[in-house]
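Biologist: I am new to this structure and would like a close look at a single part of it. Please take one strand, go through its surroundings, and then place it in the whole.

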Amino acid sequence: YITDLMYVKAEDHYLNLFLSNGKDHLVRGKIKDIKKQLPPNFIQCHRSYIVNANFIKQANRDNLIMISGDSVPLSRTYKDNF
């Protein structure tokens, strides 16, 4: 199901996994741990977000617009990755 994974949002001790079919799943874990397990097309764009580069529609100064229309914040720390 990793090909359907659009982005990951960290919420306290949980990770919210957002899928391309509009569903999301809440799992327990840390963002740094899941980052190690994901393929290289997953890029961290914020301390709480990892996005799948295949689903990015547009990149602005402050956020990323996903194909689904969701807006994901882009922090200054990770801006050079885009």
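Modeller: A residue counts as buried here when its relative accessible area is under 20%. By that cut-off, strand β2, residues 14-19, is mostly covered, since five of its six residues are buried. The model is a predicted one, and β2 is the part I will follow.

Start with the strand that comes before it. Strand β1 covers residues 5-11 and is joined to β2 by six bridges, with the two strands running antiparallel. Within this pairing, Ala10 stands opposite Leu15 of β2. The two strands form a hairpin with two residues between them. Asp12 lies in that turn and has a positive phi of about 55°.

Now turn to the strand that follows. β2 also pairs with strand β3, residues 24-28, again in the antiparallel sense, over five bridges. Here Phe18 has Asp24 in β3 as its bridge partner. The hairpin of β2 and β3 has four residues between the strands, and Gly22 takes a positive phi near 90° in it. β2 is thus paired with β1 and with β3.

Next comes the place of β2 in the whole. The protein has one helix and eight strands. Along the sequence they follow the pattern β-β-β-α-β-β-β-β-β. The radius of gyration is 12 Å, close to the 12 Å that the globule rule gives for 82 residues, so the protein is as compact as a globular protein of that length. Its C-alpha trace spans about 30 × 25 × 20 Å along the principal axes.

Later in the chain there is an open sheet of three strands, in the order β6-β7-β8, with antiparallel pairing. Its edge strands are β6 (56-59) and β8 (71-73), each of which pairs on one side only. On average, neighbouring strands of this sheet are turned by 30° against each other, direction ignored. Strand β7, residues 63-66, is joined to β8 by three bridges, and Ile65 has Ser71 in β8 as its bridge partner.

Some totals complete the picture. Of the 82 residues in the protein, 33% are buried, and in β2 five of six are. The accessible surface comes to about 5,400 Å², and 46% of it belongs to carbon and sulfur atoms. Among contacts between residues at least 6 apart in sequence, 32% join residues at least 24 apart.

Methods: Residues are numbered from 1 along each chain as its sequence is written. This is a predicted model: local features need pLDDT of at least 70, side-chain atom pairs count only at pLDDT 80 or more; totals for chains, interfaces and linings use all residues. Side-chain values use heavy atoms; hydrogens and water are left out. Two strands pair if DSSP finds at least two bridges between them. Axes are lines fitted to C-alpha atoms, for helices over the stretch in contact, and angles run from 0 to 180 degrees between N-to-C directions. The radius of gyration is taken over C-alpha atoms; the globule rule is 2.2 Å times the number of residues to the power 0.38. Buried means under 20% relative accessible area, exposed over 50%, partly exposed in between (1.4 Å probe, protein chains only). Contact means heavy atoms within 4.5 Å. Accessible areas come from the Shrake-Rupley method with a 1.4 Å probe; for residues, only the protein chains shown count as cover.
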